[in-house]
Amino acid sequence: MTSNLTASLLAFGIVCASATPMLAQTAETPPAQAGAGAAAATSGNAPDAPATPPVAPQGGAGAATATSGEAQPATTPPAAPAPAATEEDLAVKADGGKLVLPNGQDITPESQENGRWYNAEGIPTYKIEADGTVDYATFSGYRRYSAECHVCHGPDGEGSTYAPALKNSVLKMDYYAYQEIVASGKQEVNKAANLVMPAFGTNKNVWCYVDDIYAYLLARGTDAIPRGRPAKKESKSDEFTAQEDSCMNG
Ligand code: HEC
């Protein structure tokens with residue numbers, strides 16, 4: 001009797017422990033979550049969460065972190081095999097001298113427009129010189145990411161317990177899918193998760209730099225640049241400035 005009661009109290013406690021952080025994950029609160037996420041970003045359970053629709057791992061990961069690890073032993077072990085598979089998936093293949101993502105997208109910089117680099121199909125990409133100097137757009141992407149996305153997605157595109165590691169997302173989804181989500185947002189709201197990706201299509205501080213953020217995330221995802229602020233960057237070109245002004249003031 002006593003042990004039954006204890007067991008159900010315990011079970012109730014666990015339900016509460018996992019329910020509370022979920023309720024806290026509303027659009028208003030992500031900064032607090034991001035703090036926890038930043039700390040947990042290297043734990044390895046964030047990168048793969050978005051790719052797999054099943055809700056249980058998401059809830060598990062959120063609950064485990066939000067309760068400072070108390071619930072972890074019960075919920076996290078099943079996620080262990082994921083990181084190994086992920087690293088394999090994310091390798092950049094050299095295909096006849098081209099840089100190609102696992103999703104087949106070629107990211108070799110071919111031409112420049114408005115101070116930004118594009119592949120042969122006009123999809124934004126990065127260009128890093130041998131001495132580590134990053135193109136200005138990629139640097140701009142670092143700045144905008146840090147200002148607008150970091151709060152939920154963690155530093156350096158690494159992900160948090162609240163939102164996926166975008167440095168991995170951009171290797172799997174294509175550019176147009178990325179653009180659409182940034183423009184229109186995305187939501188996963190159900191019993192196990194309350195994840196809200198805001199729509200940024202009318203926010204010029206994001207939308208004028210959406211390609212820069214993309215190029216920066218590609219560079220992070222392919223390990224072309226290390227974590228943190230790029231040490232050396234190309235100077236800002238007149239073309240870049242002109243396009244930026246027309247977007248921000250247009
Ligand atoms: C308020 C928190 C928040 C902010 C700020 C935010 N995101 Fe998100 N984002 C999320 C959440 C939560 C998800 C997962 C949504 C889901 O799975 O339904 C997400 C998902 C995404 C995805 C899809 C990733 C995938 O693998 O499916 C992309 C792309 C994305 N965000 C880009 C951005 C960019 C770029 C910025 C900055 C301009 C940004 N987000 C800012 C919360 C945020």
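**Exercise 1. Find out how far to trust the model: what is the average pLDDT of the protein, and where is it below 50?**

Start with the score itself: pLDDT is the predictor's confidence in each residue, from 0 to 100. The protein averages 76, and 64% of the residues score at least 70. Next, pick out the weak stretch: residues 1-85 have a pLDDT below 50. That stretch still has 97 contacts in the model beyond near neighbours in sequence, a contact being two C-beta atoms, placed from the backbone, within 7 Å. Don't lean on them, because low-pLDDT coordinates should not be read in detail.

Some housekeeping: this is a predicted model, so local features need pLDDT of at least 70 and side-chain atom pairs count only at 80 or more, while totals for chains, interfaces and linings use all residues. Residues are numbered from 1 along each chain as its sequence is written.

**Exercise 2. Work out the sheet: in what order do strands β3, β4 and β5 lie, and which stand at the edges?**

Strands here are DSSP E runs of at least two residues, helices are H or I runs of at least four, and both are numbered from the N terminus. Two strands pair if DSSP finds at least two bridges between them. The 3 strands form an open, antiparallel sheet in the order β3-β4-β5. β3 (111-113) and β5 (124-125) each have a single partner strand, so one side of each is left without a neighbour in the sheet. Now zoom in: β3 and β4 (116-118) share 3 bridges, and Gln 112 is bridged to Trp 117 in β4.

**Exercise 3. Trace the hairpin: how many residues join β6 to β7?**

Find β6 at 186-189 and β7 at 194-197; they pair antiparallel over 4 bridges. The hairpin between them runs through 4 residues. For a checkpoint, Gln 187 has Val 196 of β7 as its bridge partner.

**Exercise 4. Map the ligand's surroundings: which residues are closest, and how does the shell divide?**

Count a residue as near if its C-beta atom, placed from the backbone, lies within 6 Å. That gives 26 residues, with Cys 149, Cys 152, Ser 169, Glu 188 and Met 197 closest. Two or more residues each come from α7 (150-153), α8, α9, β6 and β7. Finally, sort by type: 20 are nonpolar, 3 polar and 3 charged. Nonpolar means Ala, Val, Leu, Ile, Met, Phe, Trp, Tyr, Cys or Pro; charged means Asp, Glu, Lys or Arg; the others, Gly among them, are polar.
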